[in-house]
Amino acid sequence: MGSAASGATAKGAYATEATKEDPYIYQPGFGNRFASEALPGVLPVGQNSPQRVKYDLYAEGLTGASFVAPRAENLSAYVSNILHLCLSLIIFEDGYTAFDHLSHTEASRDCLITQIPTQLAWRPFDLPPDSEKVDFVQGLKTVAGNGDPTLHEGLAIHMYLANTSMGKKAFCNNDGDILILPQQGRLDIQTEFGRTWGVLNLPMMALRRMMVRSGELCVIQRGMKFKVVLPDGPSRGYIQEIYGQHYVLPELGPLGGYGLANARDFEHPVASFDIDQSPWEIIYKVGGQLHLCNQDHTPFDVVAWTGNYVPYKYALEKFINVGSISKDHIDPSIFCVLTAKSKQPNVPLCDFLIFSPRWDVATDTFRPPYYHRNSSTEFMGLIYGVYEGRSDGFQPGGASYETGFCPHGVSYEEWKKATEDELKPVRVAEGTMAFMFETSMMLTISDWALKRTGKLHEHEPGMWDGLKGRFTEHIDEINKDLKAKGLPPLGVSK
């Protein structure tokens, strides 16, 4: 077994710099059509499918959209493999078999049991005990979802709770794109599109894959094979999976060309490949069901690739916050990093929002989130830091949920403080990274999330005990104002 990595391609174009914590380089941009080759001259000139690929490689097309989608929405890639993946279908007589090692993924929606008309919250979800070896795939637990992947509409929210690296095993989700948010521990992710060649003077075995830390997101699109190594040991994080759509950058409107998440800050891997003709397991998720396929070679043997259907990562700390510099609030869409369309015009399937350090300078304004009832359903998590005004138990690795039109907002103490404080410019959310998965669709909660975690708790109702109806305490003042306007006094029934 050996490996090769990108040299000339990565060094000949702009790429990010490596660090000790992340020893890889990346191609920057969002929605670009990239080209990357681990060996010079492998990519054909002026075409995608030559009669014969250099070194007798196999050309393969990968499409993430309809062939006739508009150019801006047409996602595809061409890859050059050492062995074509069709071999995995014919080498072994058993072909695909059911993979039943998971009891808490969505499994054709069977684990989703009920809608909740109010609020829920979970304390940090437990990592698996040291006595059990649980990898990324085995550690997937569905919290909530809607729609159906077979209809290409809807989404699911998962946790991953893992303590061991995937060995010679890869995962391929044919149902939808997944957005991964590590909360504890880095994820060293290898995809078909490369290991992202390291440029530091580190051991060769360290120079591989795409490193994703707490405070970064990673998106792996539908149909792509990947594996996860845990360089820091046990790892926990959040996942949003979307069916039938892809994540895009939100429109900026009057902001102009820049702001929020800038396209240049997204990072994509560089081509590299392994030479490994030993047994591998590939787990496919199709319609919520998991299937196991054995093959006698690595799935990570792509020598070169070109296209715009490519996995990527993004450091959330790079987000450019905007907000009111006079008074009142701008809608929370200003916190949107990525969005995904639904089949209904101008109504997103989901938005991914973050709440990170920023200045608050609004005058004569109630500065925390005002009490609200939104049409969207909200699922919120905390990656690191402290998010004020939530109920007890909202900690990194936990979560909260509010169904659409459920009234909610900050605690009474936060409300009182915000109505009495001197309104000076202040930094908010310092040292904190919180996020929200917001969807226009209702969410159904899973059996695992409601009954099996031991972490579910109600929002502390005492947090709003101080919210009394004090209007009637001002009757004299009200009647005085009414009299001054020549209006009859207010009568109050007893």
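Visitor: What makes a residue count as exposed or buried here?

Guide: In this predicted model, a residue is called exposed when its relative accessible area is over 50%, and buried when that area is under 20%.

Visitor: Why is Asp-364 called exposed?

Guide: The relative accessible area of Asp-364 is 74%, and since the term applies to values over 50%, Asp-364 is exposed. Asp-364 sits in the loop between strand 26 (358-360) and strand 27, and its phi is near 45°, a positive value in a residue other than glycine.

Visitor: Is Leu-260 buried or exposed, and how do you know that?

Guide: With a relative accessible area of 4%, set against the limit of under 20%, Leu-260 is buried. Leu-260 belongs to the loop between strand 17 (235-243) and strand 18 (266-268), and its phi, near 55°, is likewise positive in a residue other than glycine.

Visitor: How do you know that strand 27 and strand 30 pair?

Guide: Pairing requires at least two bridges, and 7 bridges join strand 27 (residues 377-384) to strand 30 (residues 433-439), the two running antiparallel; Met-380, for example, has Met-436 of strand 30 as its bridge partner.

Visitor: What makes strand 24 and strand 32 edge strands?

Guide: The open sheet has 7 strands in the order 24-25-30-27-28-8-32, with antiparallel pairing. Strand 24 (336-341) and strand 32 (456-457) each have a single partner strand, so one side of each is left without a neighbour in the sheet.

Visitor: Which residues touch the most other members of the largest nonpolar core?

Guide: Of its 45 residues, these are Trp-122, Leu-181, Leu-217, Leu-338 and Phe-352. Apart from this core lies another, of 44 residues, including Val-42 and Ile-178.

Notes: Residues numbered from 1 in each chain as written. Predicted model: local features only at pLDDT ≥ 70, side-chain atom pairs only at ≥ 80, totals over all residues. Heavy atoms only, no water. Helix = DSSP H or I, 4+ residues; strand = E, 2+ residues; numbered from the N terminus. Core = buried A, V, L, I, M, F, W, Y, C linked by side-chain atoms within 4.5 Å. Buried < 20%, exposed > 50% of the residue type's maximum accessible area, 1.4 Å probe, protein only.
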